[in-house]
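Got the viewer open? Here is a short walk through this model, stop by stop, with what to select at each one.

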Amino acid sequence: TAALGEETLASASSSSDSDTGGASPPPRKKHRASAAEGVGEPGASTVLTGLSGVVLGLATHSQTTSAIQFNRSVVNNLSSMQSNGAGQGQESSELPCLNSAQNGESSLAGGTHSNGLLSNTDNGNNSVGTSNGSSVGPCVGTSTASMALNSEVGSLKKKKRLSQAEEDVIRLIGQHLHGLGLNQTVDLLMQESGCRLEHPSATKFRNHVMEGEWEKAENDLNELRALMHSPNAIVRMKFLLLQQKYLEYLEDGKVLEALQVLRGELTPLKYNTDRIHVLSGYLMCSHAEDLRAKAEWEGKGTASRCRLLDKLQTYLPPSVMLPPRRLHTLLKQAVELQRDRCLYHNTKMDNSLDSVSLLLDHVCSRKQFPCYTQQILTEHCNEVWFCKFSNDGTKLATGSKDTTVIIWQVDMESHQLKLLRTLEGHAYGVSYLAWSPDDTYLIACGPDDCSELWLWNIQTGELRTKMSQSHEDSLTSVAWNPDGKRFVTGGQRGQFYQCDLDGNLLDSWEGVRVQCLWCLGDGRTVLASDTHQRIRGYNFEDLTDRNIVQEDHPIMSFTVSKNGRLALLNVATQGVHLWDLQDRVLVRKYQGVTQGFYTIHSCFGGHNEDFIASGSEDHKVYIWHRRGELPIAELTGHTRTVNCVSWNPAVPGLMASASDDGTVRIWGPAPFQDSQEADGPHENCSNMDS
């Protein structure tokens with residue numbers, strides 16, 4: 001061992017005697033073995049002394065600039081020190097640590113990271129090997145450089161300040177995860193992001209409400225008072241708390257305690273006295289089931305307290321406590337908005353998020369829309385003036401100049417139509433049809449010179465009534481009262497009658513030249529367009545009338561939406577207009593259709609009546625989304641004027657059109673094989689013109 005120490009000293013001495021040349025140091029592997037052998041032996045101190053000499057020698061004679069991949073700022077500092085002569089001839093303990101690897105030579109064990117920072121990985125040895133095989137011991141400079149680097153890494157990793165939107169998103173996610181029971185995940189998310197799910201006072205308040213600790217919850221309200229925008233909110237929130245407390249006492253059979261809450265706590269609030277009277281009546285409930293039924297209350301427990309908390313949260317600012325299930329609400333609104341903006345969305349969808357994918361935007365293809373001819377009905381032998389689906393969508397009635405009405409049966413699975421029966425004998429032809437509310441009867445009217453009206457029993461095919469008040473009458477339009485027991489009819493010669501199913505005259509209105517009729521859902525008001533380019537409302541009970549719509553051109557026909565709010569008018573030389581009957585304003589003018597002085601009938605249709613369709617004198621059928629003025633589809637196939645269109649009320653993807661070319665076309669989605677050849681699986685439906 002002593003000999004080994006002497007050999008090491010000699011080696012160190014020879015190294016220090018030579019500036020540039022000299023004998024090569026022993027191999028790295030052999031030197032490490034020697035050091036290992038000296039640990040714990042009597043010559044170990046000698047070996048360490050020799051190693052120190054090597055370090056000093058290297059520090060004194062090192063003339064080459066280091067190229068270690070440190071952080072750029074550290075390298076610049078070292079270059080500055082070396083250019084000023086630092087490290088040349090100085091016995092510094094820093095430069096040997098920083099310059100322990102030279103250009104092109106291997107670096108420390110563990111190497112440098114890809115970001116240029118030196119790895120401080122320790123492989124179990126306190127020595128750092130250089131490519132020349134010299135062994136360098138630990139030094140103070142290493143720790144100094146590491147501290148500088150760690151400080152810089154810490155500054156690089158310093159968290160970026162979150163924007164308000166980012167904090168809101170984190171809170172929304174946290175609330176959603178909390179609702180799923182992932183509380184530990186929520187805690188970690190809030191800790192790492194530095195956000196707060198809700199105000200600490202709100203958290204206390206929530207816990208006390210859910211645990212039924214009503215006195216503590218009331219005390220929490222005092223802490224929350226300063227955080228509220230509305231001073232009256234505290235009273236309302238306290239009322240809701242005390243109401244829950246009162247009901248829970250009653251359910252538990254604690255009548256005296258409940259009475260004390262009612263008299264001593266709820267009543268002094270002097271808020272919602274009507275509700276207090278209702279609450280006092282619950283004292284008479286004989287058992288808990290009776291109480292829950294009368295109060296429409298879930299009973300004491302988590303369900304009712306959660307519902308209570310949802311109500312209480314509405315009074316707190318969102319910065320204090322988020323509204324309940326806020327992320328779910330936002331996602332649902334996003335889905336509904338996409339659906340509303342979809343030009344071709346025509347199906348009823350479940351409102352729950354489980355029925356849609358949140359990973360893709362909602363889009364419907366035009367191939368799913370009733371733009372394709374599914375069937376051509378050619379049984380009429382002359383112009384077809386009118387068509388109308390029954391209210392249940394199972395039948396279609398068509399009227400023609402050939403004096404017949406044909407009833408078609410709709411196969412609700414295949415959506416194919418077949419002839420059910422033909423109703424004959426309308427000498428002037430059939431220009432208008434109206435189904436009774438229960439689809440039992442069908443009334444047929446003729447053109448301007450027709451004074452007769454036919455009321456058919458569709459189930460039996462028998463003519464129940466053939467009505468004619470005078471040969472000079474013109475009965476060209478008809479509308480059913482919602483009760484199905486009365487109807488109104490009239491024409492341009494000034495007749496306006498209300499009749500029963502047997503054709504008996506119940507009421508009449510003189511001097512009204514009727515172009516088109518419609519009965520509103522109130523059972524009293526009848527809308528009638530007349531020759532004065534207007535629609536007026538007539539009340540047959542008190543014999544009053546009022547102006548509702550005024551146009552500048554003749555109203556050839558009109559129809560009303562199911563809810564009675566909107567009216568769709570075909571106006572001569574103008575096209576199709578949409579009116580709001582309640583506000584009495586023109587909502588929209590639809591473009592594209594050719595409308596002269598022919599009587600053309602348009603209709604609402606599709607799911608939720610989101611679409612509008614109309615015939616046209618240019619032989620086409622036009623379809624618009626109700627909120628867009630430009631057509632989303634122009635259907636071609638007819639060869640003459642399209643007089644009428646009807647959308648099936650039960651099958652949103654089925655529509656019929658009647659034309660002067662003598663045919664009735666049934667429109668539906670593209671056949672399955674064609675739909676596979678669409679421009680793409682999802683067409684863009686978001687660019688709706690408004």
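**Stop 1: the annotated repeats**

Start by selecting residues 377-411, 423-454 and 635-667, which an unreviewed UniProt entry lists as "repeat: WD". Keep in mind as you go that this is a predicted model.

Colour 377-411 by secondary structure: that span is 54% strand and 0% helix. Put a distance label on its end C-alpha atoms and you should get 15 Å. Now do likewise for 635-667, where the span is 48% strand and 0% helix, with the end C-alpha atoms 9 Å apart.

**Stop 2: a four-stranded sheet**

Next, show β20, β21, β22 and β23. In that order, these four strands make an open sheet with antiparallel pairing. Its edges are β20 (555-560) and β23, each of which pairs on one side only. Look along the sheet and you can follow a twist that averages 25 degrees from one strand to the next.

Zoom in on β22, residues 575-580. Is this strand buried or exposed? Six of its six residues are buried, so the rest of the structure largely encloses it.

Now go to the β22 neighbours, one side at a time:

- Select β21 (residues 566-571), which runs antiparallel to β22 and is joined to it by six bridges. Show Ala567 as sticks, and you will find its bridge partner in β22, Trp579.
- Select β23 (residues 585-590), which pairs with β22 in the antiparallel sense over five bridges. Trp579 turns up again here, this time standing opposite Leu586 of β23.

**Stop 3: the two turns**

Stay with these strands and look at how they connect. β21 and β22 form a hairpin with three residues between them. Click on Thr573 in that turn: its phi is positive, at about 65 degrees.

The hairpin of β22 and β23 has four residues between the strands. Which residue has the positive phi there? Pick Arg584, where phi is near 60 degrees. For context, most residues other than glycine have a negative phi.

**Stop 4: two loop residues with positive phi**

Jump back along the chain to His415, in the loop between β6 (405-410) and β7 (417-423). Its phi is near 65 degrees, a positive value in a residue other than glycine. Turn on a surface and you will see His415 partly exposed, with a relative accessible area of 22%.

Then select Glu609, which sits in the loop between β24 (602-605) and β25 (611-614). Here phi is near 50 degrees, also a positive value in a residue other than glycine. Glu609 counts as buried because its relative accessible area is 14%, and the cut-off for buried is under 20%.

**Stop 5: a pair of crossing helices**

Finish with helix α7 (residues 164-179) and helix α16 (residues 326-341). How do they pack? Their axes are 8 Å apart, and the angle is about 110 degrees. That makes α7 roughly perpendicular to α16.

Show side chains at the contact: Leu172, Gln175 and His176 come from α7, while α16 brings Arg326, Leu327 and Leu330. Colour these residues by type and you get three nonpolar, two polar and one charged.

Terms used: Residues are numbered from 1 along each chain as its sequence is written. This is a predicted model: local features need pLDDT of at least 70, side-chain atom pairs count only at pLDDT 80 or more; totals for chains, interfaces and linings use all residues. Side-chain values use heavy atoms; hydrogens and water are left out. UniProt positions are given in the numbering used here, feature names are shortened, and annotations may be inferred rather than shown by experiment. Buried means under 20% relative accessible area, exposed over 50%, partly exposed in between (1.4 Å probe, protein chains only). Two strands pair if DSSP finds at least two bridges between them. Axes are lines fitted to C-alpha atoms, for helices over the stretch in contact, and angles run from 0 to 180 degrees between N-to-C directions. Angles under 35 degrees count as roughly parallel, over 145 as roughly antiparallel, 65 to 115 as roughly perpendicular and the rest as oblique. Contact means heavy atoms within 4.5 Å. Ala, Val, Leu, Ile, Met, Phe, Trp, Tyr, Cys and Pro count as nonpolar, Asp, Glu, Lys and Arg as charged, and the others, Gly among them, as polar.
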